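Hi there,

Here is the structure I promised to pass on to you. Have a look at it first, and then read on for what turned up in it.

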Amino acid sequence: TTTYEIFSVQIVTSDYEHMEVNPSNWTEHINTLNNSIYDTGIKANEKDNILILQTCIYNPVNSFLIINSRKVI
């Protein structure tokens, strides 16, 4: 069993490139993932093992709901 804690929830449009990660910009990518519509009180960092869950959302049109979490156990 593995446990993850949610550190951010995002609603993004289809042009958001959360799946295309350039390792040379990992810190910048993590900072982008930390932007959340909810204050979880948790921030990810470069050493975290991150799990991203994505599903479609229709308002605004062609958007995605993204839940970002980090491994704790």
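Thr13 has Ser63 as its bridge partner in strand 3. Please keep in mind that this is a predicted model. The pair belongs to a longer ladder: strand 1, residues 4-13, and strand 3 are joined by nine bridges and run antiparallel.

Strand 3 has a second partner as well. Strand 2 (residues 50-57) and strand 3 (residues 63-71) are antiparallel too, with eight bridges between them. Two of the facing positions are worth picking out on your screen. Ile57 stands opposite Ser63, and Cys56 stands opposite Phe64. Ser63 therefore has a bridge partner in Thr13 and also faces Ile57, with a relative accessible area of 2%, which makes it buried.

Let me stay with Ser63 for a moment, since it has quite a list of contacts. Which residues does Ser63 touch once its neighbours within four places in sequence are left aside? They are Ile11, Val12 and Thr13, together with Thr55, Cys56 and Ile57. Ser63 itself sits in strand 3. You could also check its distance to Asp15: the two are 48 residues apart along the chain, and their C-alpha atoms are separated by 8.9 Å.

Now to the hairpin, where the backbone does a couple of things you may want to look at. Strand 2 and strand 3 form a hairpin with five residues between the strands. Pro60 lies in this loop, and the peptide bond that joins Asn59 to Pro60 is cis, with an omega of about 5°. Asn62 is in the loop between strand 2 and strand 3 as well. Its phi is positive, at about 55°, although Asn62 is not a glycine. As background for both points, most residues other than glycine have a negative phi, and most peptide bonds are trans.

Is Asn62 buried or exposed? Asn62 is exposed, because its relative accessible area of 53% is over the 50% cut-off. Ser63, by contrast, is buried at 2%, because that value is under 20%.

Two residues of strand 2 fall between those cut-offs. Leu53 is found in strand 2, and at 45% relative accessibility it counts as partly exposed. With neighbours within four places in sequence set aside, Leu53 is in contact with Leu65, Ile66 and Ile67. Leu53 and Val12 are 41 residues apart along the chain, and 13 Å separates their C-alpha atoms. Gln54 also has its place in strand 2, and it is partly exposed, with a relative accessible area of 40%. From Gln54 to Tyr16 the C-alpha distance is 12 Å, for a gap of 38 residues in sequence.

Stepping back to the whole chain, there are one helix and three strands in the protein, and along the sequence they follow the pattern β-α-β-β. The radius of gyration is 12 Å, close to the 11 Å that the globule rule gives for 73 residues, so the protein is as compact as a globular protein of that length. If you are setting up a box, the C-alpha atoms fill roughly 35 × 30 × 25 Å along the principal axes.

How many of the contacts join residues far apart in sequence, taken as at least 24 apart? Among contacts between residues at least 6 apart, the share is 63%.

Some totals for the surface and the charges are listed here:

- Of the 73 residues, 26% count as buried.
- The accessible surface comes to about 5100 Å², and 51% of it belongs to carbon and sulfur atoms.
- There are 4 positive and 8 negative side chains, and the centres of these two sets lie 12 Å apart.

If you have time for a single spot, I would suggest the end of the hairpin, with the cis bond between Asn59 and Pro60, the positive phi of Asn62 and the buried Ser63.

Enjoy exploring, and do write back with any thoughts.

Best wishes

Definitions and conventions: Residues are numbered from 1 along each chain as its sequence is written. This is a predicted model: local features need pLDDT of at least 70, side-chain atom pairs count only at pLDDT 80 or more; totals for chains, interfaces and linings use all residues. Side-chain values use heavy atoms; hydrogens and water are left out. Two strands pair if DSSP finds at least two bridges between them. Helices (H or I, at least four residues) and strands (E, at least two) are DSSP runs, numbered from the N terminus. The radius of gyration is taken over C-alpha atoms; the globule rule is 2.2 Å times the number of residues to the power 0.38. Buried means under 20% relative accessible area, exposed over 50%, partly exposed in between (1.4 Å probe, protein chains only). Contact means heavy atoms within 4.5 Å. Accessible areas come from the Shrake-Rupley method with a 1.4 Å probe; for residues, only the protein chains shown count as cover. Lys and Arg count as positive and Asp and Glu as negative; His and the chain ends are not counted. The place of a charge is taken as NZ of Lys, CZ of Arg, CG of Asp or CD of Glu.
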